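I opened this notebook to record what I looked up about charged pairs and open space. The entries follow in the order in which I made them.

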Amino acid sequence: MINKVLFLFALLLLFSSCKNGASEKEDALKNKGVGLSRNELKASIKQMEDSITGLLQNKDRKKLIPSLTYIELINRLKSYYQRFPNDPYSSQCLFNIHIQYSSLNANELAIAYGDTLLSKFPNFPNSDLLLESMATTYDIYIVPRDTTNVRKYYTLLLNLKGISSQKRKDTQERLKHIELGLFDYITYQSKHQAKNK
């Protein structure tokens, strides 16, 4: 009789632990954004962005923000994009992924997500900022320097409607001196402007 009671108790304990294991797996999937709604995913992104913004406002804590914090934000942004790839908010997610990877010096990933954004959302409102970022990444961070892609993204920038006349003029001037790296170009510009004063 005691053996049967112990056996039943062990069986109940086993079922209980299996149920808890399944529940933990469901929670883990939910935490990755699998079961969350659009609004829940947006709220989790906003919460993470607000948390990072709060940390950045404190100069002493700014240097203590681990890269994993940014990776978590990237993961949340990716979750939204993967779940809702055609949603207009996904364009902002892709842009933010590009920015976050750039800030982490993961330049190839930044470029990949920038290109994805350009192909999936060609009318993205901040296309000018994205194109400048892409051109600058190829100009400074990709070694060896890739003038073909620098020219490509600056040319795409010139083809945008609605860019300011000053930005158009600056971009055309930059393309005239594409053989110079960005820092050499800035030095050249400074000397040229000093002569004209």
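Before sorting any lining residues, I fixed the classes: Ala, Val, Leu, Ile, Met, Phe, Trp, Tyr, Cys and Pro count as nonpolar, Asp, Glu, Lys and Arg as charged, and the others, Gly among them, as polar. I noted that this is a predicted model, in which local features need pLDDT of at least 70 and side-chain atom pairs count only at pLDDT 80 or more, while totals for chains, interfaces and linings use all residues. Residues are numbered from 1 along each chain as its sequence is written, and side-chain values use heavy atoms, with hydrogens and water left out.

Entry on the pocket. I looked up the largest pocket (on a 1 Å grid over the protein atoms alone, an open set of points where a 1.4 Å probe fits, with protein on both sides within 12 Å along at least five of seven lines; lining residues have an atom within 4 Å of a point). The largest pocket holds about 200 Å³ of space, a volume being the space filled by probe spheres set on the grid points, which are joined across faces, edges and corners. Its lining divides into two nonpolar, five polar and four charged residues, and includes Tyr185, Tyr188, Lys169, Asp170, Glu173 and Lys176. Helix α9 gives the most to this lining, with six residues; the helices here are DSSP runs of H or I, at least four residues long, numbered from the N terminus.

Entry on salt bridges. I counted a side-chain nitrogen of Lys or Arg within 4 Å of a carboxyl oxygen of Asp or Glu, and the count came to eight salt bridges. Two of the pocket-lining residues, Glu173 and Lys176, form such a bridge, with their closest N and O atoms 3.7 Å apart. They stand three residues apart in helix α9, about one helical turn. For accessibility I took buried as under 20% relative accessible area, exposed as over 50% and partly exposed as in between, with a 1.4 Å probe and protein chains only; Lys176 is then exposed at 59%, whereas Glu173 is partly exposed at 26%.

I next looked at Asp128 and Lys167, whose side chains meet at 3.0 Å, N to O. Asp128 lies in helix α7 (residues 127-141) and Lys167 in helix α9 (residues 165-176), so the pair ties together parts 39 residues apart in sequence. Lys167 is buried, at 18%, and a network of salt bridges links Asp128, Glu132 and Lys167.

Terms used
Helices (H or I, at least four residues) and strands (E, at least two) are DSSP runs, numbered from the N terminus.
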